[in-house]
Amino acid sequence: MRALLIAAALLAASTAEAQRLDTLRMSCGQTRAVVAQQGAVILGTGPNIYDRYVANSNFCAFGETTRPGWVQTRDNANCVAGGLCYTPDRRPLFDD
């Protein structure tokens, strides 16, 4: 059943935006499942509102880590979809 829901959510994306899933058409559970299953996925909540969400820091670039990433879904205005990669602030090697 879960696989069927994920497949339906993937098909809901338009052909032009096949790589970007519309979270407004998905439940929070479906969104989280897609991120966990794919590892890294582009999620959008509008035509120009999107980001890359990851299952864990293994899907980030070297030196990056993750922080929680929230999206709006069909059933949840603040769904933690997965992580967002970012580079933590680094201290300078030498202080002035």
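**Note on the predicted model: disulfides, core and selected residues**

1. The disulfides of the protein chain follow the pattern 1-3, 2-4 when the bonded cysteines are counted along the chain, and the count comes to 2 disulfides. The model discussed here is a predicted one, and every point below should be read with that in mind.

2. As for the overall layout, the protein chain holds 2 helices and 5 strands, and from the N terminus on these elements run in the order α-β-α-β-β-β-β. Of the 96 residues in the protein chain, 30% are buried. Among the contacts in the protein chain with a separation of 6 or more, 37% come from residues that are 24 or more positions apart.

3. One disulfide joins Cys28 to Cys79, with an S to S distance of 2.1 Å. Cys28 lies in helix 2 (residues 28-38) and Cys79 in strand 5 (residues 79-86), so this pair ties together parts that are 51 residues apart in sequence. The torsion about the S-S bond of Cys28 and Cys79 is about 80°, and the disulfide is therefore right-handed. Are the two cysteines of this link, Cys28 and Cys79, buried or exposed? Cys28 is buried, with a relative accessible area of 11%, and Cys79 also counts as buried, at 0% relative accessibility.

4. The other link joins Cys60 to Cys85, with an S to S distance of 2.0 Å. Cys60 lies in the loop between strand 3 (49-54) and strand 4 (65-71), while Cys85 lies in strand 5, so the pair ties together parts that are 25 residues apart in sequence. With -85° about the S-S bond, the link of Cys60 and Cys85 is left-handed. Cys60 counts as buried at 13% relative accessibility, whereas Cys85, at 22%, counts as partly exposed; the cut-off for buried is under 20% relative accessible area.

5. Which residues make up the largest nonpolar core? This core has 12 residues in all, namely Leu21, Met26, Cys28, Val34, Val35, Val41, Leu43, Tyr53, Val71, Cys79, Ala81 and Leu84. Helix 2, strand 2 (40-46) and strand 5 each supply at least two residues of this core. Cys28 and Cys79, which a disulfide joins, are both members of the core.

6. Helix 2 deserves a closer reading along its length. The buried residues of helix 2 are Cys28, Gln30, Thr31, Ala33, Val34 and Val35. In an α-helix there are 3.6 residues a turn, so residues three or four places apart point the same way. Ala36 also lies in helix 2, but Ala36 is exposed, with a relative accessible area of 57%. The C-alpha atoms of Ala36 and Gly82 are 7.8 Å apart in space, although the two residues are 46 residues apart in sequence. Helix 2 is followed by Gly39, whose phi is positive, near 90°.

7. Thr73 has its place in the loop between strand 4 and strand 5, and at 3% relative accessibility it counts as buried. The side chain of Thr73 reaches the backbone nitrogen of Cys28 at 3.5 Å, and it also makes a polar contact with the side chain of Asp75, at 3.0 Å. Leaving aside its neighbours within four places in sequence, Thr73 is in contact with Thr23, Leu24, Met26, Ser27, Cys28, Thr31 and Cys79, a list that holds both cysteines of the link between Cys28 and Cys79.

8. Arg52 lies in strand 3 and is partly exposed, with a relative accessible area of 36%. What does the side chain of Arg52 reach? The side chain of Arg52 reaches the backbone oxygen of Phe59, at 2.9 Å. Leaving aside its neighbours within four places in sequence, Arg52 is in contact with Ala40, Val41, Ile42, Phe59, Gly83, Leu84 and Cys85. For one of these, Ala40, the C-alpha atom is separated from that of Arg52 by 6.7 Å, with the two residues 12 residues apart along the chain.

9. A last point concerns the aromatic rings, for which the count comes to 0 aromatic pairs. The ring of Tyr50 nevertheless has a charged partner, since the charged end of Arg20 sits over this ring, 4.0 Å from its centre.

Notes: Residues numbered from 1 in each chain as written. Predicted model: local features only at pLDDT ≥ 70, side-chain atom pairs only at ≥ 80, totals over all residues. Heavy atoms only, no water. Phe/Tyr/Trp six-rings, centres within 6.5 Å; stacked < 30°, edge-to-face > 60°. Lys NZ or Arg CZ within 6 Å of the ring centre and 35° of its normal. Disulfide = S-S within 2.5 Å. Helix = DSSP H or I, 4+ residues; strand = E, 2+ residues; numbered from the N terminus. Buried < 20%, exposed > 50% of the residue type's maximum accessible area, 1.4 Å probe, protein only. Core = buried A, V, L, I, M, F, W, Y, C linked by side-chain atoms within 4.5 Å. Polar contact = N/O pair within 3.5 Å; in protein donor to acceptor, adjacent residues only side chain to side chain. Contact = heavy atoms within 4.5 Å.
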